[in-house]
Amino acid sequence: MPEQCPESYEGKAWATPEEALAMLQEWARDHGFAIAQSRGSDRDPVTRQHRRYDVCCTAGGREYTPTGYNIRQTSTKRTNCLFRGKLVCRRSHDDLWVYNSLCTEHNHEPLTCPSGDPVHRKRTLEDLEEIRVASESAGCGGRAVVAIVKAKRPEALLTRRDVWNDRAKLRREALGPYSQTQAFISNLSADDTFSRYTCHGDTVSGVFWSLPACMDGFKAYHDVLSIK
Ligand SMILES: [Zn+2]
């Protein structure tokens with residue numbers, strides 16, 4: 001079983017919930033599990049800010065039972081682990097955030113490797129920017145991107161699969177609300193691009209286009225046919 005939360009964390013206070021959660025997560029990672037944070041509760045009637053966050057083990061929740069063929073396997077197995085704690089902004093502690101355990105027992109074996117839980121592989125905004133820039137370089141594969149991110153942030157635990165997923169997400173974001181076909185047609189319809197094509201639903205065929213520079217050449221030398 002993962003070790004219980006150490007005595008030193010019981011009743012420990014932090015200035016912000018972010019600092020508290022970062023330290024608790026670090027401790028959890030070093031002891032073979034990960035924590036998830038619930039939505040805040042107990043809103044302050046004046047500031048409307050939350051004054052309590054509950055945390056639990058990511059293995060909390062109903063046990064995962066496969067029920068069909070080829071169903072999605074999640075990397076974190078839920079075992080209905082009851083490990084829980086609470087972070088409360090206490091007036092008795094000058095509005096510091098105090099941690100108290102609600103259940104210190106886990107009902108599963110510790111992770112064999114911290115990267116086994118996606119919580120510990122979470123990429124920072126800087127990581128994502130490194131991934132975006134590196135991915136624009138032709139021939140920069142997943143392994144190379146992982147090495148680049150780890151060179152900047154040695155404690156990063158991302159995997160090649162995370163890089164692939166992030167690249168796919170970046171591509172989707174670049175497309176915006178368009179499908180790949182719609183984005184292609186949108187580019188063809190850009191100012192000054194001459195194009196002809198046939199659309200059948202989301203299928204495009206018979207595409208012909210010419211960039212503005214080529215059209216200038218065509219107008220100047222219309223008796224010369226240049227096809228690339
Ligand atoms: Zn647990």
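Is arginine 48 buried or exposed? Arginine 48 is exposed, because just 7 other C-beta atoms lie within 10 Å, and a residue with 12 or fewer counts as exposed. The points below set that residue in its surroundings.

1. **Status and make-up.** This is a predicted model. The protein chain has 6 helices and 8 strands. Along the sequence they follow the pattern β-α-β-β-β-β-β-α-α-α-α-β-β-α.

2. **Burial and contact range.** The protein chain has 228 residues, and 17% of them are buried. Take the contacts between residues at least 6 apart in sequence: 44% of these join residues at least 24 apart.

3. **Arginine 48.** This residue sits in the loop between strand 3 (41–43) and strand 4 (50–57). Its phi is near 65°. That is a positive value in a residue other than glycine. The backbone here deserves a look alongside the exposure already noted.

4. **Asparagine 80.** A second loop, between strand 4 and strand 5, holds asparagine 80. Phi is again positive, at about 60°, and asparagine 80 is not a glycine. How many other C-beta atoms lie within 10 Å of asparagine 80? There are 13. Asparagine 80 is therefore partly exposed, since the exposed class ends at 12.

5. **Strands 5 and 6.** Strand 5 (residues 84–90) pairs with strand 6 in the antiparallel sense, over 7 bridges. Leucine 87 has tyrosine 99 of strand 6 as its bridge partner. The two strands form a hairpin with 5 residues between them. In that turn, aspartate 94 has a positive phi of about 55°.

6. **Strands 1 and 6.** Strand 6 (residues 96–103) also pairs with strand 1 (residues 13–14). The sense is antiparallel, over 2 bridges. Tryptophan 14 stands opposite tryptophan 97 in strand 6. Strand 6 thus has bridges to strand 1 and to strand 5.

7. **Arginine 51.** Strand 4 contains arginine 51. It is partly exposed, with 18 other C-beta atoms within 10 Å; a buried residue would need 20 or more. Arginine 51 touches Asp42, Asp44, Val88 and Cys89, leaving aside residues up to four places away in sequence. The C-alpha atoms of arginine 51 and arginine 90 are separated by 7.9 Å, while 39 residues separate the pair along the chain.

8. **Largest nonpolar core.** This core has 18 residues. Leu24, Phe33, Ile35, Cys57 and Leu87 touch the most other members. Helix 1 (17–30), strand 4, strand 5 and strand 6 each give two or more residues to this core. Leu87 thus has two roles, as a core residue and as the bridge partner of tyrosine 99. In soluble globular proteins, nonpolar side chains tend to be buried together.

9. **A separate core.** Another core, of 8 residues, lies apart from the largest one. Among its members are Ile131, Val145, Val149 and Leu158.

10. **Helix 2 against helix 4.** The axes of helix 2 (residues 125–135) and helix 4 (residues 160–175) come within 10 Å. They cross at roughly 80°, which means that the two helices are roughly perpendicular. On the helix 2 side, the residues in contact are Leu128, Ile131, Arg132 and Ser135. They meet Val163, Asp166, Arg167 and Leu170 in helix 4. By class, the contact has 4 nonpolar, 1 polar and 3 charged residues. Ile131 is found both in this contact and in the core of 8 residues.

11. **Helix 3 against helix 4.** How do the axes of helix 3 and helix 4 cross, and at roughly what angle? They cross at roughly 100° and come within 8 Å. These two helices are therefore also roughly perpendicular to each other. Gly142, Arg143, Val145 and Val146 in helix 3 meet Arg160, Val163 and Trp164 in helix 4. The contact divides into 4 nonpolar, 1 polar and 2 charged residues. Val163 of helix 4 takes part here and in the contact with helix 2.

12. **Glycine 142.** Helix 3 (residues 142–152) includes glycine 142. With 19 other C-beta atoms within 10 Å, glycine 142 is partly exposed, because the buried class begins at 20. Not counting residues up to four places away in sequence, glycine 142 touches Arg160, Val163 and Trp164. The C-alpha atoms of glycine 142 and valine 163 are 6.0 Å apart, and the two residues are 21 residues apart along the chain.

Definitions and conventions:
Residues numbered from 1 in each chain as written. Predicted model: local features only at pLDDT ≥ 70, side-chain atom pairs only at ≥ 80, totals over all residues. Helix = DSSP H or I, 4+ residues; strand = E, 2+ residues; numbered from the N terminus. Contact = placed C-beta atoms within 7 Å. Pairing = 2+ DSSP bridges. Axes fitted to C-alpha atoms, helices over the stretch in contact; angles between N-to-C directions. Parallel < 35°, antiparallel > 145°, perpendicular 65-115°, else oblique. Nonpolar A, V, L, I, M, F, W, Y, C, P; charged D, E, K, R; others polar. Core = buried A, V, L, I, M, F, W, Y, C linked by C-beta atoms within 7 Å.
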